[in-house]
Amino acid sequence: MIYISTFLNGLTIAGYLFLMALGLNLSFGLMNIVNMSHGTMYLAGGFIGWTVLSKTGSWFLGLLMAGASMGVFAFVEDLLFLRRARGNMTMETLITLSISIIGADLIVGIFSGRTRQVKIPKLLQGAFPVGDFYFPKYNLFIILFAVFFGIIFWFVLKKTKIGMIIRAGVDDQEIVSTLGFDIKLLFSAIFTLSGILAGIAGMIGGTFQNLVSGQDSSVMVYTLLIVIIGGMGSFEGAIFGSLIIGMAFTFGSLLAPQFSQFFLFAPVAIVLVFSPRGIFGKGR
């Protein structure tokens with residue numbers, strides 16, 4: 001039964017990491033930006049959601065504000081900084097890295113660096129029996145939320161006109177521009193969406209594992225590993241990579257805690273040897 005429990009916990013971690021990876025994958029795949037501030041958006045969104053929860057008592061309002069605030073933050077970051085460096089990958093990476101460092105310091109300054117426990121809403125408290133153990137309702141919520149969001153996003157990406165434009169932009173930005181679509185507006189929308197997803201993931205993940213200063217770096221590493229495994233700009237890759245990292249983290253911690261980091265990076269090394277662009281990655 002311990003392996004079933006570990007498997008379900010791996011699905012839970014994969015669930016909120018999927019939200020992170022999806023946003024980063026889109027901005028990376030479409031805009032060719034390695035957004036190093038993505039982890040900071042995760043942590044800032046979590047702290048903002050915690051603040052709203054503390055003031056209003058509503059976890060779901062905190063979730064909404066976490067996503068909305070980081071969406072606004074991402075839009076402003078793109079509008080004021082990234083547009084000026086568009087096409088210069090080195091400059092874009094330095095800009096997002098600088099924002100990440102400044103943001104991390106601001107989070108410590110504003111929230112004093114203490115660990116915050118985000119209270120699970122009453123609706124999702126408790127657990128239900130699964131064989132000989134009990135599985136938390138909140139963990140199931142994370143899994144179902146990720147599945148629901150994944151289905152919605154798949155439908156938009158695969159079955160709608162805007163999804164067609166996004167997929168075309170991932171493959172060839174120049175063609176999308178020549179067809180008359182505003183590529184700047186598309187870039188801003190995608191980057192804003194990535195911020196919203198990071199903020200939502202911060203509130204969900206912070207409720208699952210608490211909010212800790214420095215957590216932005218570890219979550220950012222996990223998200224980058226997912227993108228590397230799955231492939232840049234790939235929706236399927238975000239799903240597959242999230243599952244691999246989630247399972248590697250939980251089973252690695254169970255079977256050999258002293259080698260937990262090895263279990264995380266070993267799949268990345270194997271994938272890079274046989275498929276340098278990731279399992280579902282496409283060349284440009």
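**Exercise 1. Describe how helix α2 passes helix α9, and state which residues make the contact.**

Solution. In this predicted model, the crossing of α2 over α9 is right-handed. The contact draws on His38, Gly39, Thr40, Tyr42 and Leu43 from α2, and on Gln215, Asp216, Val219 and Met220 from α9. Sorted by character, the residues of this contact comprise 4 nonpolar, 4 polar and 1 charged.

**Exercise 2. Classify the packing of α2 and α9 from the angle between them.**

Solution. Two packed helices are described by the angle between their axes together with the distance between those axes. Here α2 (residues 38–56) and α9 (residues 215–230) pack at about 130°, with the axes 8 Å apart. That angle makes α2 oblique to α9, because roughly perpendicular ends at 115 degrees and roughly antiparallel applies only over 145.

**Exercise 3. Decide what kind of aromatic pair Phe47 and Phe111 form, and which helices the pair ties together.**

Solution. The whole structure holds 16 aromatic pairs. In the pair of Phe47 and Phe111, the ring centres are 4.6 Å apart and the planes differ by 20°, and the pair is stacked. Phe47 belongs to helix α2 and Phe111 to helix α4 (residues 89–111), so the pair connects parts 64 residues apart in sequence. Both Phe47 and Phe111 are buried.

**Exercise 4. Work out the geometry of the Trp59 and Phe60 pair, and the burial of each residue.**

Solution. The ring centres of Trp59 and Phe60 lie 5.1 Å apart with planes at 85°, so the pair is edge-to-face. Trp59, at 2% relative accessibility, is buried, whereas Phe60, at 38%, is partly exposed. Ring pairs also join Trp59 and Phe60 with Tyr138, Phe141, Phe145 and Phe149 in a cluster.

Key:
Residues are numbered from 1 along each chain as its sequence is written. This is a predicted model: local features need pLDDT of at least 70, side-chain atom pairs count only at pLDDT 80 or more; totals for chains, interfaces and linings use all residues. Side-chain values use heavy atoms; hydrogens and water are left out. Axes are lines fitted to C-alpha atoms, for helices over the stretch in contact, and angles run from 0 to 180 degrees between N-to-C directions. Helices (H or I, at least four residues) and strands (E, at least two) are DSSP runs, numbered from the N terminus. Angles under 35 degrees count as roughly parallel, over 145 as roughly antiparallel, 65 to 115 as roughly perpendicular and the rest as oblique. A crossing is left-handed if the near helix is turned anticlockwise from the far one by less than a right angle, and right-handed if clockwise. Contact means heavy atoms within 4.5 Å. Ala, Val, Leu, Ile, Met, Phe, Trp, Tyr, Cys and Pro count as nonpolar, Asp, Glu, Lys and Arg as charged, and the others, Gly among them, as polar. Rings of Phe, Tyr and Trp (its six-membered ring) pair if their centres lie within 6.5 Å; planes under 30 degrees apart count as stacked, over 60 as edge-to-face and the rest as tilted. Buried means under 20% relative accessible area, exposed over 50%, partly exposed in between (1.4 Å probe, protein chains only).
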